Amino acid sequence: MPLKPLPMPDPGVPDLGSPRAFLRWLRRSQRRGQLLATAWGVLELACQAALPLALGLGIQAAVAGDTAGIWRTGALALLLAALQAFGAVQLHRQAVWNWITAASQLRQLVARQASGLGAGLSRRIATGEIVAVSSSDVERIGWYVELLARVRAAVLVWLGLGTIVLVRRPLLGLAVLLGVPVLAASVWPLLAPLERRYSTQRAFAGKATELTADTVAGLRVLRGIGGEELFLDRYRAASQQVRGAAVRTARIWSLMQAQQVLLPGLFVVATTWYGAELVIRGQIGIGELVAVYGATAFLSSPLRILGEAAHAWSVARVAAGRAVRLLALNRTADGEALTARLTRSERADLHDPLTGLTARAGRITAVVCGDPDVAGHLAGRLGGHLPLAEGEQPEPSVRLGGTPLDEVPLAEVRAAVLVQDKDPVLLSGTLAELFDVPGTGRIAPERALAAVRAGDVLDALVDGSPECQGDSMLARITEKGRSLSGGQRQRLALARSLAADPAVLVLDEPTSAVDAHTESRIATGLREVREGRTTVLFATSPLLLDRADTVLLVHQGRVAASGTHRELLHGCPEYRAIVTRDEGAASAGRRTAQDGPSASAPAEEKV
């Protein structure tokens with residue numbers, strides 16, 4: 001089966017009731033692949049089990065001096081060997097297809113979940129845990145799904161072989177039919193310890209991955225303060241925890257593997273001993289003894305597969321539990337169905353009842369926060385991107401035109417409210433692909449690029465992409481725009497947001513990395529392009545604040561003052577302290593406030 005359908009158009013809606021339910025859903029989602037793998041597995045194992053029979057018949061023919069019988073059994077053995085080889089190749093191909101399909105499906109589900117929850121996902125689950133689910137857990141679950149077909153094939157061939165032997169030799173048949181389940185059940189006492197130890201190993205690995213991600217993200221800062229050795233020691237300690245847990249898990253797995261060799265070997269020895277006794281008594285011939293030995297020796301293959309399946313089930317259930325925890329997250333506290341709809345969002349006010357912030361429709365509203373983290377959190381709230389953290393109490397939902405965003409499907413929210421955070425990501429590809437985003441079509445990419453004064457950015461991209469032959473839209477952007485400066489990346493991201501032309505655009509420090517001259521020109525272009533559209537601008541730069549229709553000061557979690565930039569600069573000491581970076585202004589303002597009312601009016605009176 002070709003892998004052309006991957007990635008899937010729709011990975012489906014998984015059953016997240018439990019890890020077992022999730023694994024059952026994965027199995028059902030690839031019925032055809034499972035059936036084909038089972039059929040090829042039956043062919044391979046059946047030929048493998050029948051080959052000793054052909055050899056036994058050939059030996060018996062040789063003892064009897066039957067030349068024609070020798071040729072017949074030789075041809076039969078050759079045919080069985082060829083069919084076994086063909087079945088093994090086809091089984092391997094189909095098993096790999098099943099593994100890749102299950103892994104791809106799970107990765108698509110994780111990607112869809114990450115896209116759906118946005119930046120708020122890291123508030124619910126650590127970044128390292130997400131990476132571990134989409135890497136090592138995917139491999140474990142794919143291994144289990146792939147192994148299921150081989151288990152079915154082994155069981156079917158074992159039942160068929162046992163039935164044939166039972167008809168020929170009842171006592172041997174009972175030994176074959178009963179011996180395999182008994183030997184397979186011998187690994188059960190080890191499954192619980194294996195699962196516990198692997199769960200511990202998986203938890204340590206997730207923490208180590210999280211530490212690695214945090215270290216890489218802050219490597220530049222660490223080097224600046226000389227903290228590399230401190231974090232290296234922390235990673236060494238975490239790595240040793242993972243190593244120790246992996247060794248403890250391997251000890252259990254080694255015991256299971258030893259059982260898979262020892263117990264079937266004892267079973268084969270006992271069965272062969274009994275067959276030899278029958279030969280001595282004259283009840284069976286030498287050829288039939290060889291067939292009996294080959295049949296019992298074959299049973300090591302089903303037993304090996306069953307042992308591997310026991311191991312795969314233990315680790316897959318742990319991995320599925322982690323995956324279910326990630327995929328079961330919802331934007332809302334109880335995960336209720338979202339049926340509300342936004343209407344005429346381009347003419348609707350955006351209101352946050354938690355802070356009292358209101359952005360009037362069609363106007364540019366600037367928001368000043370003393371803490372950048374508060375600004376980033378509030379920007380995420382305005383876009384409906386912040387699901388509840390574990391144990392966190394629900395907060396009042398942001399409303400657009402009176403409709404709570406938490407009650408609207410996320411796709412519709414994002415079509416109406418676009419949030420650009422302070423660290424936007426540029427994906428690799430051409431400039432035309434960067435601007436291939438859903439939008440109204442009202443703002444062409446060329447106009448958006450002109451508004452952010454990105455002429456030097458286009459020149460740099462063209463110089464670095466000779467293959468574009470002067471066409472800037474065909475110029476290539478490297479991964480995350482690493483070949484560009486921070487200011488250039490910011491301007492490209494801002495141009496992309498402007499080209500999308502959403503009804504409401506929320507920008508978090510969109511020009512923090514550009515120089516003052518360019519920032520002033522961008523502020524002018526931003527106002528021209530966003531004319532008649534609602535724009536919320538989180539910034540502390542006077543050049544941007546002076547272009548806003550209304551400026552709001554958020555202090556201690558609430559809107560404390562509102563007005564124009566110049567009004568607040570002269571009348572609100574707290575605002576002046578943040579914008580001018582003058583701590584003395586805030587202290588003077590607090591002393592003045594003790595003697596008389598502040599010059600700034602409440603937000604509700606001026607918005």
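1. Let's start with the sheet. In this predicted model, 4 strands line up as an open sheet in the order E2-E1-E4-E5, and their pairing is antiparallel. The edges belong to strand E2 (357-359) and strand E5 (403-404); each has a single partner strand, so one side of each has no neighbour in the sheet.

2. Now look at E2 and its partner. Strand E1 (residues 350-352) runs antiparallel to E2, and 3 bridges join them. If you want one pair to click on, try aspartate 352, whose bridge partner in E2 is leucine 357. Helix H12 (residues 372-382) packs on this sheet and touches both E1 and E2. The direction of H12 makes about 125° with that of E1.

3. Carry on past E2 and you reach a loop, which leads to strand E3 (364-369) and holds alanine 361. Is alanine 361 buried or exposed? Neither, quite: its relative accessibility is 26%, and since buried means under 20% and exposed over 50%, alanine 361 counts as partly exposed. Also worth a look is arginine 533: it lies 172 residues from alanine 361 along the chain, yet the C-alpha atoms of the two are separated by 6.9 Å.

4. Next, a pair of helices. Helix H3 (residues 67-117) packs with helix H11 (residues 300-327) at an angle of about 30°, and their axes are 10 Å apart. Angles under 35 degrees count as roughly parallel, and H3 and H11 are therefore roughly parallel to each other. Their crossing is left-handed.

5. Which residues in H3 and H11 meet? From H3 come Leu106, Leu109, Val110 and Gln113, and from H11 come Ala323, Leu326 and Leu327. Sorted by class, this contact of H3 with H11 has 6 nonpolar residues, 1 polar residue and no charged ones.

6. Finally, step back to the whole protein chain. How many helices and strands are there? The chain has 23 helices and 12 strands. It runs to 607 residues, and 46% of them count as buried. As for contacts between residues at least 6 apart in sequence, 78% join residues that are at least 24 apart. Alanine 361 and arginine 533 make a handy place to look at two residues far along the chain from each other, being 172 residues apart with C-alpha atoms separated by 6.9 Å.

Technical notes. Residues numbered from 1 in each chain as written. Predicted model: local features only at pLDDT ≥ 70, side-chain atom pairs only at ≥ 80, totals over all residues. Heavy atoms only, no water. Axes fitted to C-alpha atoms, helices over the stretch in contact; angles between N-to-C directions. Helix = DSSP H or I, 4+ residues; strand = E, 2+ residues; numbered from the N terminus. Parallel < 35°, antiparallel > 145°, perpendicular 65-115°, else oblique. Left-handed = near helix turned anticlockwise from the far one by under 90°. Contact = heavy atoms within 4.5 Å. Nonpolar A, V, L, I, M, F, W, Y, C, P; charged D, E, K, R; others polar. Pairing = 2+ DSSP bridges. Buried < 20%, exposed > 50% of the residue type's maximum accessible area, 1.4 Å probe, protein only.
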